[in-house]
Amino acid sequence: MSFQSLGLGPNILRSIEDSGYTEPTPIQTAAIPLILKGEDVIGIAQTGTGKTCAFALPILHQLATSDAEYQMPRKARRGRPPRALVLCPTRELAMQIHESFETYGRHLELRHAVIYGGVKQGRQVNALRYGVDVLIATPGRLLDLVNQGHVDLSEIESFVLDEADRMLDMGFIDDIRKVVKMIPNKHQTLFFSATVSNDIRRLADSLLRDPLK
């Protein structure tokens, strides 16, 4: 199977080609078509199997297609709240995911931002003010900026919980539930984890609607 057969738009395929990738990995082959259909998805894959690409590519496609349908120019998105949220456990992972969205979205008129703790928040706040389509965040900094009025989660259409097993191990379960309460009831949830424990199953059952695994 090729990336061309997965239903992705030409500008995304161009970015994939620029990156030197020729064939999708198993998690990408399985997940991308389901995500493009709007399904809630549970993806079980180890680090290094291309799972970030498995959710980044279809999310970029959905956002770009939506903008094209409504003929929305880039300048009209200034100050616009994010429509996709990726929640992950660490600063390092957040930066890696942000880099992937920048790479695969290089030929699209979409904006991406990453927020995490351990650094001053000024530059992150400025990025949010300019307008963001995809927001990648760690739980603590996200909740801080929401409480300060810098982040509006009322227009989230796609919610990704990445490295869910690590999130639970690091004690983020309460923060995850707080974030979920802030986003619209009608949204797509994508749940990625390297392992599946009973705690992971319970969390997935509480967050996803009829997910495909």
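**Helix packing, buried residues and backbone geometry in the predicted model**

Thr-103 lies in helix H4, which spans residues 91-104. In this predicted model, Thr-103 has a relative accessibility of 21% and therefore counts as partly exposed, the class that lies between the limits of 20% for buried and 50% for exposed residues. Once residues up to four places away in sequence are set aside, Thr-103 touches Ser-15 and Ser-19. The second of these contacts joins distant parts of the chain, given that Thr-103 and Ser-19 are 84 residues apart in sequence, whereas their C-alpha atoms are 7.9 Å apart in space.

Another threonine, Thr-138, is placed in the loop between strand E4 (134-137) and helix H6. With a relative accessibility of 8%, Thr-138 counts as buried. Not counting residues up to four places away in sequence, Thr-138 touches Leu-87, Cys-88, Pro-89, Thr-90, Arg-91, Ala-94, Ile-115, Tyr-116 and Gly-117. Cys-88, one of these partners of Thr-138, is itself buried, at 0% relative accessibility.

The cysteines were considered next. The structure holds 0 disulfides, and Cys-53 is in no such bond, the nearest cysteine sulfur being that of Cys-88 at 16 Å. Because a disulfide requires two cysteine sulfur atoms within 2.5 Å, the 16 Å between the sulfur of Cys-88 and that of Cys-53, the closest cysteine sulfur to it, is too far for a bond. Cys-53 is buried, with a relative accessible area of 7%, and Cys-88 likewise counts as buried, at 0%.

Helix H6 (residues 139-147) packs against helix H8 (residues 173-182), with axes that come within 10 Å and cross at roughly 45 degrees. The two helices are therefore oblique to each other, and their crossing is left-handed. On the H6 side, the contact comprises Pro-139, Gly-140, Leu-142, Leu-143 and Val-146, which meet Asp-175, Lys-178, Val-179 and Met-182 in H8. By class, this contact consists of 6 nonpolar, 1 polar and 2 charged residues.

H8 also meets helix H9 (residues 198-207), and here the axes come within 12 Å and cross at roughly 10 degrees. Because this angle falls under 35 degrees, H8 is roughly parallel to H9. The residues that H8 contributes are Ile-173, Ile-176, Arg-177 and Val-180, and those that they meet in H9 are Leu-203, Ser-206 and Leu-207. The contact of H8 with H9 divides into 5 nonpolar residues, 1 polar residue and 1 charged residue.

Two residues of H9 that take part in this contact, Leu-203 and Leu-207, also appear among the partners of Phe-191. Phe-191 lies in strand E6 (residues 188-193) and is buried, with a relative accessible area of 0%. Leaving aside its neighbours within four places in sequence, Phe-191 is in contact with Val-41, Ile-42, Gly-43, Leu-161, Ala-164, Ile-200, Leu-203, Ala-204, Leu-207 and Leu-208. A further long-range pairing is seen in the C-alpha atoms of Phe-191 and Ile-44, which are separated by 8.4 Å although the residues are 147 apart along the chain.

Thr-189 is likewise placed in strand E6, and is buried at a relative accessible area of 2%. Beyond residues up to four places away in sequence, Thr-189 touches Asp-40, Val-41, Phe-159, Leu-207 and Leu-208. Of these partners of Thr-189, Val-41, Leu-207 and Leu-208 are also in contact with Phe-191. Thr-189 and Pro-211 are 22 residues apart in sequence, with a C-alpha to C-alpha separation of 8.6 Å.

Positive phi values were found in residues other than glycine, including Glu-163 and Asp-210. For Glu-163, phi is near 55 degrees, and the residue is found in the loop between strand E5 (158-161) and helix H7 (164-169). Glu-163 is buried, with a relative accessible area of 5%. For Asp-210, phi is near 45 degrees, and the residue is placed in the segment after H9. In contrast to the buried Glu-163, Asp-210 counts as exposed, at 68% relative accessibility.

Note on methods:
Residues are numbered from 1 along each chain as its sequence is written. This is a predicted model: local features need pLDDT of at least 70, side-chain atom pairs count only at pLDDT 80 or more; totals for chains, interfaces and linings use all residues. Side-chain values use heavy atoms; hydrogens and water are left out. Axes are lines fitted to C-alpha atoms, for helices over the stretch in contact, and angles run from 0 to 180 degrees between N-to-C directions. Helices (H or I, at least four residues) and strands (E, at least two) are DSSP runs, numbered from the N terminus. Angles under 35 degrees count as roughly parallel, over 145 as roughly antiparallel, 65 to 115 as roughly perpendicular and the rest as oblique. A crossing is left-handed if the near helix is turned anticlockwise from the far one by less than a right angle, and right-handed if clockwise. Contact means heavy atoms within 4.5 Å. Ala, Val, Leu, Ile, Met, Phe, Trp, Tyr, Cys and Pro count as nonpolar, Asp, Glu, Lys and Arg as charged, and the others, Gly among them, as polar. Buried means under 20% relative accessible area, exposed over 50%, partly exposed in between (1.4 Å probe, protein chains only).
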